[in-house]
Amino acid sequence: MIKKFLISVAYLLIISLIIGSIHYFLIRNIEVFIPIQNIYFFNFIMTFVGLGILYFIYDKFSDYVGYTFLGIGIIKMALSVSFLMPLIKSAFDNKIPDTLSFFFCYFVFLIIESVFLIKLLNKKE
């Protein structure tokens with residue numbers, strides 16, 4: 001199971017580096033409050049921890065993987081709000097690029113995590 005987890009993390013890292021580089025290239029001339037690298041690092045860490053928990057739960061209690069995914073999703077949403085709180089409270093004029101960048105990244109990582117979960121659950125059957 002650790003080998004599968006490490007392979008998933010390698011894919012996660014490669015995909016996030018590729019998409020993050022493209023995203024950085026597209027918005028490099030726009031003034032942002034939160035650097036794009038911080039957004040990708042935050043989402044990468046959340047997804048890395050989430051995948052680790054999912055693989056652990058799959059290995060020990062495979063019937064509860066779906067519930068675990070939902071719980072992780074709720075925790076990730078709460079952590080995302082706390083991550084964005086400095087932007088929300090700031091007097092920064094244009095918050096739209098930051099918000100769009102964050103949620104684009106958030107949903108990319110959510111899709112990646114969902115794909116890994118689907119592959120994990122399909123192996124169960």
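## A tour of the largest pocket and a nonpolar patch

Begin with the largest pocket of this predicted model, whose lining residues divide into seven nonpolar, four polar and no charged. To display that lining, select Leu-13, Ser-16, Leu-17, Gly-20, Ser-21 and Tyr-24, and then add Ile-36, Gln-37, Tyr-40, Phe-41 and Phe-44. The pocket that these residues line has a volume of about 200 Å³.

Next, colour the helices α1 (2–27) and α2 (36–60), each of which supplies at least two residues of the lining of this pocket. Which element gives the most to the lining? With the lining residues still selected, one finds that α1 gives the most, with six residues.

Now select Ile-14, Ile-18, Ile-22, Phe-25 and Leu-26, which together make a nonpolar surface patch of about 530 Å². Within this selection, pick out Leu-26, a residue whose place is in helix α1. Is Leu-26 buried or exposed? Its relative accessible area is 62%, and because exposed means over 50%, Leu-26 counts as exposed.

Finally, clear the selection and show the whole chain, which has four helices and zero strands, its elements running α-α-α-α from the N terminus on. Shown as a C-alpha trace, the chain spans about 50 × 25 × 20 Å along its principal axes. If the view is then coloured by relative accessible area, the buried residues to look for make up 38% of the 125 residues in the chain.

Conventions. Residues numbered from 1 in each chain as written. Predicted model: local features only at pLDDT ≥ 70, side-chain atom pairs only at ≥ 80, totals over all residues. Heavy atoms only, no water. 1 Å grid on protein atoms, 1.4 Å probe; cavity = no way out; pocket = protein on both sides within 12 Å on 5 of 7 lines; lining within 4 Å. Points joined across faces, edges and corners; volume = space filled by probe spheres on them. Nonpolar A, V, L, I, M, F, W, Y, C, P; charged D, E, K, R; others polar. Patch = residues over 30% accessible without salt bridge, like charges linked within 9 Å, V, L, I, M, F, W, Y side chains within 5 Å. Areas by Shrake-Rupley, 256 points an atom, 1.4 Å probe, with all protein chains shown as cover. Salt bridge = Lys/Arg side-chain N within 4 Å of Asp/Glu carboxyl O. Buried < 20%, exposed > 50% of the residue type's maximum accessible area, 1.4 Å probe, protein only.
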